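Colleague: I would like a close look at a single loop residue, with enough of the whole chain to place it. Please keep to what can be computed from the model.

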Amino acid sequence: MSVLLEVRNLKKYFKVPSGILHAVDDVSFTLEEKQTLGVVGESGCGKSTLGRTLIHLLPPTSGEIWFEGENITTVKKRKLHELRRNMQMIFQDPFSSLNPRMSVSQAIAEPLKIYGVSKSKADIDAMVKKTMDTVGLASRLADSYPHELDGGRRQRIGIARALVLRPKFIVCDEPVSALDVSIQAQILNLLQDLQDELGFTYIFITHDLSVVRHISDNIMVMYLGKVVEYSPAKELFVNKYHPYTQALLSAIPVPSIDLDRHRILLKGEITSPINPKEGCRFAPRCNYAKDICFSKTPELREVSPCHFCACHFAGTDFDKNPVN
């Protein structure tokens with residue numbers, strides 16, 4: 001498979017009254033065609049900002065974004081318009097991301113009209129109907145409005161709107177977090193089926209590791225704008241090197257009352273992402289932190305084949321000697 005997206009040292013900072021907020025700080029990764037990269041972390045870790053920066057809803061502060069071998073870090077308006085046809089986004093809230101004055105068919109047809117895919121109303125209607133069938137929306141809902149539908153159907157509209165142009169790359173920003181569990185499974189299965197059928201490439205943003213485990217080829221764990229661990233999905237659940245990843249995985253609910261699990265509780269103050277100092281940003285909450293963790297920022301290094309971790313002690317037996 002060829003590399004579709006390559007990100008090099010990407011940064012996105014925001015000016016706030018008290019300084020510079022480091023929302024995305026020196027993030028690098030590659031994403032191959034027809035693959036899914038899961039991006040996980042707590043709220044505020046920068047994962048949604050990363051997704052919006054990749055498709056230029058937010059301009060990057062520095063770094064490089066390469067798409068299909070072309071540097072798209074800074075593009076002019078016309079070029080960006082062309083890129084958007086191949087780079088789409090499914091937003092987290094299926095209600096606020098839809099125009100309440102547009103019916104289902106109008107919302108799905110809008111991208112087709114913007115890009116002039118067809119000037120024939122009959123052709124556009126046919127494409128809309130086909131896309132509705134693809135995502136499991138009944139044709140009788142074509143003239144319905146978002147407020148008349150439940151969350152699952154609204155999210156299917158968002159998915160249909162993102163894929164109607166047949167883009168190569170889709171950012172899924174917590175597309176199931178606002179849905180019931182039974183509906184979540186339907187949407188996840190739909191996204192996987194569409195990837196198998198149409199060859200989409202996804203970045204799947206979520207805070208739920210139990211969800212990302214089943215849909216991702218690789219997983220990237222973020223903490224306060226930094227990548228702290230990057231690994232193939234199956235490998236991450238077998239060997240988790242970073243203390244933050246270990247804590248996240250220990251919080252996944254297991255439907256068993258007999259299983260004896262060690263729940264890792266994080267304590268301490270969360271480091272401010274505004275004007276952060278040198279050192280590991282997770283150190284104040286880490287049970288294994290030592291002096292070097294507060295004075296030197298750890299590099300993201302390969303601890304085992306294709307498994308990267310940003311921890312000074314990753315790959316050692318530090319986890320046997322927690323600092324209380």
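Modeller: What follows starts with the basis of the values, then takes the chain, the loop residue and two backbone cases.

The model is predicted, so local features need pLDDT of at least 70 and side-chain atom pairs count only at pLDDT 80 or more, whereas totals for chains, interfaces and linings use all residues. Residues are numbered from 1 along each chain as its sequence is written, and side-chain values use heavy atoms, with hydrogens and water left out.

The chain contains ten helices and twelve strands; these are DSSP runs numbered from the N terminus, helices being H or I with at least four residues and strands E with at least two. Its radius of gyration is 21 Å, which agrees with the value near 20 Å for a compact globule of 324 residues; the radius is taken over C-alpha atoms, and the globule rule is 2.2 Å times the number of residues to the power 0.38. Along the principal axes, the C-alpha atoms fill a box of roughly 70 × 50 × 40 Å. Of the 324 residues, 48% are buried, where buried means under 20% relative accessible area, exposed over 50% and partly exposed in between (1.4 Å probe, protein chains only). Among contacts with a separation of 6 or more, 64% join residues 24 or more positions apart; contact means heavy atoms within 4.5 Å.

The residue to look at is Ser118, in the loop between helix H3 (104-114) and helix H4 (121-135). Ser118 counts as buried because its relative accessibility is 13%. Its side chain makes a polar contact with the side chain of Asp123 at 3.3 Å. A polar contact is a pair of N or O atoms within 3.5 Å; within protein, one must be able to donate a hydrogen and the other to accept it, and residues adjacent in sequence count only if both atoms are side-chain atoms. A polar atom of the Ser118 side chain also lies 3.2 Å from the backbone nitrogen of Ser120. Neighbours within four places in sequence aside, Ser118 is in contact with Leu112, Asp123, Ile124 and Met127.

Two other loops hold backbone cases. His56, between helix H1 (47-54) and strand E4 (62-67), has a positive phi near 65 degrees. Glu68, in the loop between E4 and strand E5 (70-71), has a positive phi of about 55 degrees. Most residues other than glycine have a negative phi. His56 is buried, with a relative accessible area of 13%, while Glu68 is partly exposed at 38%.
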